[in-house]
Each structure stands twice: as C-alpha cells, then as structure tokens.
Amino acid sequence: MMRFENMAYLNLLFLAVPLLVAFVVFLFWRKRATSRLGEKPLIVRLMPYSATGRHYVKFIFALLAFSALCVALANPQIGTKYEKVKRQGVDVIVAIDVSNSMLAEDVKPNRLERARLLVARLIDKLQNDRIGLIVFAGNAYLQMPLTIDHAAAKLFLNTMSPEMVPTQGTAIADAIQLAMQAFGSDEKKYKTLIIITDGEDHEQDPLTIAEEAAKEGIIIHCIGIGSPQGAPIPVYKNNVQIDFKRDRQGNIVLTKLNETILQQIAAKANGEYIRLSAGSDDLNRLFTAISSMEKREIEERIFTDYEDQFQYFLALAMMLLALEFFITERRSHWLQQWQLFKTAGKP
C-alpha cells in the first residue's frame with residue numbers, strides 16, 4: 001500500500017499552471033521583441049547561435065524537476081509490514097449527501113464542508129471501530145468498504161464533492177440499501193449507519209428501507225445539516241461562483257432542511273436524530289450512542305510499517321535540474337559552422 005505522509009505539499013503542484021502561463025507569455029514577448037529587429041532571415045543571420053527550441057526543453061525539464069520536488073516533499077511511503085490487529089468495536093458506515101444542495105452556505109463554510117469536518121472528528125474518536133464511507137446524491141456509491149485503516153478513511157473523505165455523483169438528487173433509500181449490502185447479513189448487531197444530509201429526498205420512500213435495515217440489526221442515526229428556512233444553492237464555474245440555482249421561471253431555488261423525514265428514519269431504525277449546530281455536543285451525543293453499543297472482536301490485517309520513498313523523487317529532481325543547467329540556449333559553434341558549410345555547398 002502506498003500513501004503520502006504530507007499530503008498538503010501536493011497542493012504545490014497547482015503552481016505549475018501559473019508557471020506555464022508565465023512561460024507562454026515570455027515566449028510571446030520574446031517573439032514580438034525579436035520581430036522588431038527585422039524579417040526572419042535577417043534575424044537568423046544576426047543571431048546565428050540562437051536556439052529557440054531549447055527554451056522548450058529547458059522549461060520542460062525545470063517543470064518536471066519542480067513536480068518531482070513537490071512529490072518528494074509529500075514523502076510517498078510504501079507499506080512493508082503486515083500485522084494482525086484485534087480490537088473491540090463495532091462497524092460504522094457513514095453515508096454523506098454530496099448533492100448540489102449541500103453547497104448551500106446556511107451552515108458555514110457550507111453544508112458539505114461542515115459534514116466532512118464532523119466525520120473527520122468522529123473518525124478520530126472511533127479508534128477501535130471499523131469505518132466505511134458511502135456518498136450519495138441521485139445514486140449511492142460505496143466510497144470505502146469497512147476497514148480499521150482510519151488514515152485511508154480520511155483520505156477518501158477529503159475527495160468528496162458533488163462532481164463524484166453524476167446524477168443529482170438525494171437518494172437516502174439507495175444509501176440505506178447499499179449500507180445493508182456493505183454490512184452483510186452474518187450478524188444482526190454491531191452495525192451502525194450514520195446518514196448526514198439536508199433531508200431533501202427526491203426518490204423512493206426511505207422509511208420502508210429503514211424498517212428493513214432495522215430488522216437486520218442496523219441502527220441508523222441521522223444528522224440533519226442546514227436550516228429549515230432554507231438557503232440558495234451556489235452555482236460555480238471554474239471554482240468561481242457565478243450565480244445561484246434557479247427554476248424555470250428564473251426564481252432562486254431555496255434548499256431547506258427536512259427534519260421530519262430524518263426524525264422518522266432514525267425512529268424506525270432505533271437511532272437518534274441530531275441537528276448539526278455550531279457546538280460540539282452533536283459529536284459527543286453521536287459518539288456516546290455508538291460507544292454504548294455491544295461490541296465484538298474485530299481482527300484485520302493492516303500495514304503497520306512504512307518505508308520512505310522521497311529520496312527517489314529528490315534524486316530525479318536533482319538530475320532534471322542538472323540537465324536543465326547544462327543545456328545552453330545557444331547552438332554549438334561547430335554545429336553552426338557545419339550547417340553554414342552545407343548551405344554554402346548548395347547550388
């Protein structure tokens with residue numbers, strides 16, 4: 001298994017875009033500057049040793065070296081040692097709504113970001129439990145099966161966004177059905193499903209599915225996120241907000257927290273409904289409900305030792321920088337003389 005020790009450094013790779021833009025601007029400026037000297041044949045004679053194509057090669061090497069250095073800073077690691085780990089815990093699957101309505105900002109910074117922060121804190125508390133992740137909008141998808149590798153759970157959590165699910169909507173029933181499959185039917189206990197959503201279900205009736213889940217021993221806790229008064233849904237283009245979602249008449253659409261359906265789902269499956277607020281009591285209530293469940297012994301093989309691999313990328317960066325340094329922007333004198341000789345020999 002491969003992981004990055006310092007994932008934040010990978011964000012430096014985004015700097016490659018402005019560097020590329022700056023290089024293109026430089027080439028454009030250089031072309032205009034040289035064109036003022038005269039026609040192209042005259043410029044070639046005035047600058048016989050100029051090698052414009054080498055600018056591209058030097059820039060590519062420098063950009064690749066920068067990318068390799070960013071990866072080295074992130075320190076990729078490869079798991080080298082498997083160990084059996086035994087713990088007393090339960091199975092917890094978190095189903096997170098990633099529909100566009102979760103971008104509403106009635107909960108700061110927005111509903112989806114607050115949900116991700118809550119789950120990250122919850123993962124830190126559930127140290128002995130297996131964690132699974134489901135994302136849903138118009139359809140539900142198993143993002144990560146049950147595992148005690150909580151670091152991997154956080155990695156998957158950071159990638160969640162509305163773009164992950166092509167069909168919009170809020171299919172809570174699909175999320176419950178998928179969780180039932182992920183849990184399996186071997187034992188009718190030790191199972192908890194946490195649904196985090198604004199409750200705007202546009203699909204089939206989730207209450208019937210919640211009853212079926214309860215019969216399989218699954219406890220469902222629902223966390224409502226948003227405000228009953230509603231909030232507009234931002235519309236983004238290239239990560240810049242350009243408008244709010246509107247209906248066919250051009251009116252701004254408001255997305256409201258539907259607490260009723262979430263309360264009913266939790267009641268059907270012997271769980272609790274919690275409305276996410278600004279305090280920390282929400283997490284404590286949820287953790288208390290899970291920790292009070294009957295636990296079982298969980299055994300799983302995981303990587304417990306990792307070897308650093310940053311040195312290979314650092315060496316690659318140094319090699320590319322050395323190549324970039326030794327490539328000159330001027331043509332070789334002997335090569336130029338040979339080309340002039342060949343040109344003079346032509347009739």
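## Buried cysteines

A residue counts as buried when its relative accessible area is under 20%. By that cut-off, C70 is buried in this predicted model, because its relative accessible area is 2%. C222 is buried too, since its relative accessibility is 0%.

What does a search of the whole structure find in the way of disulfides? It turns up zero. As a reminder, a disulfide is a covalent bond that links the sulfur atoms of two cysteines.

## The six-stranded sheet

Let's turn to the sheet. Six strands form an open sheet with mixed pairing, and their order is β5-β4-β3-β6-β7-β12. At the edges sit β5 (140-147) and β12 (273-275), each of which pairs on one side only. From one strand to the next, the twist averages 15°.

Within this sheet, which way do β3 and β4 run relative to each other, parallel or antiparallel? Strand β3 (residues 91-97) and strand β4 (residues 130-136) run parallel, and seven bridges join them. If you would like a spot to look at in the viewer, D97 stands opposite F136 in β4.

## The β9-β10 hairpin

Now for a hairpin. Strand β9 (residues 234-237) pairs with strand β10 (residues 240-244) in the antiparallel sense, and the pairing spans four bridges. One residue to pick out here is V235, whose bridge partner in β10 is D243.

Two residues lie between the strands of this hairpin. Which residue of the hairpin takes a positive phi? That is N238, with a phi near 55°.

Note on methods: Residues numbered from 1 in each chain as written. Predicted model: local features only at pLDDT ≥ 70, side-chain atom pairs only at ≥ 80, totals over all residues. Heavy atoms only, no water. Pairing = 2+ DSSP bridges. Disulfide = S-S within 2.5 Å. Buried < 20%, exposed > 50% of the residue type's maximum accessible area, 1.4 Å probe, protein only. Axes fitted to C-alpha atoms, helices over the stretch in contact; angles between N-to-C directions.
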